[in-house]
Amino acid sequence: MSIKQKKYNFFQRLGRAFKLNFTKLLRSPGGAKKVSLGFALGFGLEMLVISTASLIYILFVPIVRLAKGSLPASIIGNVIGKLSLLPVILLPFARTIGKIIFPMRVRIGHNDSFSFQKLLHGDFHCLVGLLHGGVHALIGMTLFGIVLSFISYFIVYYFYEKEKTKRLKRRRHKHEIRINKIHENLI
């Protein structure tokens, strides 16, 4: 006797996998603090991707692990940061804020455009100018990352706790219904 298993199409499997992982995330040990911290770190680190030329991803997992945040939640936060396009929108403002905080001017020789040929021949003047422009953006995006991480931590914490109380309420309601059915059957 064989049991026929129901076949699901790709979108149903994807939806079921998402629901399963969301449930795992809600029931993860550490609860709301761990999930909110992971989300906030992922969202904040996304602000640094453009200004660090994606090198921040080398430190992504170690930062989340050292902070004891949830890695799946940090990946979700990172993806939401990408989809919101905030890093691209905030980049000009970040450069301005970086110039205000760290007003550094580099005046080495005359301003030439960047050239790999000059760099290979030992002329590092163009590299200094290139790094100088990136420092201001990095400073500003770091500040935006910190502020947005701080805000997103509390938002995710609130929604996590709200979902948790709704889930517990549904479980209590189902339990009460079962108890009432058992009580009716005994009478």
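What follows walks through the helices of this chain and how a few of them pack. The model is a predicted one.

Start with the overall build. The protein chain holds 7 helices and 0 strands, so the run of elements from the N terminus on reads simply α-α-α-α-α-α-α. Of the 187 residues in the protein chain, 27% are buried. Among contacts with a separation of 6 or more, 77% link residues 24 or more positions apart.

Helix α2, residues 31-46, is a good place to begin. With 16 residues at 1.5 Å a residue, α2 should span 22 Å, and its end C-alpha atoms sit 23 Å apart, which agrees. As for its surroundings, 13 of the 16 residues of α2 are buried, so the helix is largely enclosed by the rest of the structure. Two of the helices that α2 packs against are α3 and α4, and these are taken in turn. As a rule, a pair of packed helices is described by the angle between the axes and the distance between them.

Take α3 (residues 57-67) to begin with. Its axis lies 10 Å from that of α2, and the two helices pack at an angle of about 155 degrees. Angles over 145 degrees count as roughly antiparallel, and α2 and α3 are therefore roughly antiparallel to each other. The crossing of this pair is right-handed. On the α2 side the contact involves Leu 37, Leu 41, Gly 42, Leu 45 and Glu 46, and these meet Tyr 57, Phe 60, Ile 63, Val 64 and Ala 67 of α3. Sorted by character, the residues of this contact come out as 8 nonpolar, 1 polar and 1 charged.

Now for α2 and α4 (71-83). Here the angle is about 35 degrees and the axes are 7 Å apart. This crossing is right-handed too. From α2, the contact takes in Val 35, Gly 38, Phe 39, Gly 42, Phe 43, Leu 45 and Glu 46. The α4 side supplies Ala 73, Ser 74, Ile 76, Gly 77, Asn 78, Ile 80, Gly 81 and Lys 82. The residues of the α2 and α4 contact divide into 7 nonpolar, 6 polar and 2 charged. Gly 42, Leu 45 and Glu 46 of α2 appear in the contact with α3 and again in the contact with α4.

The remaining pair is α3 with α4. Their axes come within 10 Å and cross at roughly 135 degrees, which makes α3 oblique to α4. The crossing is right-handed. Tyr 57, Phe 60, Val 61, Val 64 and Arg 65 of α3 meet Leu 71, Ser 74, Ile 75, Asn 78 and Lys 82 of α4. That contact breaks down into 6 nonpolar, 2 polar and 2 charged residues. Tyr 57, Phe 60 and Val 64 of α3 turn up here as well as in the contact with α2. On the α4 side, Ser 74, Asn 78 and Lys 82 take part in the contact with α3 and in the one with α2.

Phe 43 deserves a closer look. This residue of α2 counts as buried, at 10% relative accessibility. Leaving aside neighbours within four places in sequence, Phe 43 is in contact with Gly 77, Asn 78, Ile 80, Gly 81, Ser 84, Leu 86, Leu 148 and Ser 152. In sequence, Phe 43 and Ala 73 are 30 residues apart, while their C-alpha atoms are 9.6 Å apart in space.

Ser 152, one of those partners, lies in helix α7 (residues 125-186). At 8% relative accessibility, Ser 152 counts as buried. Besides Phe 43, Ser 152 touches Phe 39 and Ala 40, not counting residues up to four places away in sequence. Ser 152 and Ala 40 are 112 residues apart in sequence, yet 5.6 Å apart in space, C-alpha to C-alpha.

Two loop residues round things off. Lys 68 sits in the loop between α3 and α4 and has a phi near 60 degrees, a positive value in a residue other than glycine. With 63% relative accessibility, Lys 68 counts as exposed. Leu 85, found in the loop between α4 and α5 (86-101), likewise has a positive phi near 60 degrees without being a glycine.

Terms used:
Residues are numbered from 1 along each chain as its sequence is written. This is a predicted model: local features need pLDDT of at least 70, side-chain atom pairs count only at pLDDT 80 or more; totals for chains, interfaces and linings use all residues. Side-chain values use heavy atoms; hydrogens and water are left out. Helices (H or I, at least four residues) and strands (E, at least two) are DSSP runs, numbered from the N terminus. The expected span of a helix is 1.5 Å times one less than its number of residues. Buried means under 20% relative accessible area, exposed over 50%, partly exposed in between (1.4 Å probe, protein chains only). Axes are lines fitted to C-alpha atoms, for helices over the stretch in contact, and angles run from 0 to 180 degrees between N-to-C directions. Angles under 35 degrees count as roughly parallel, over 145 as roughly antiparallel, 65 to 115 as roughly perpendicular and the rest as oblique. A crossing is left-handed if the near helix is turned anticlockwise from the far one by less than a right angle, and right-handed if clockwise. Contact means heavy atoms within 4.5 Å. Ala, Val, Leu, Ile, Met, Phe, Trp, Tyr, Cys and Pro count as nonpolar, Asp, Glu, Lys and Arg as charged, and the others, Gly among them, as polar.
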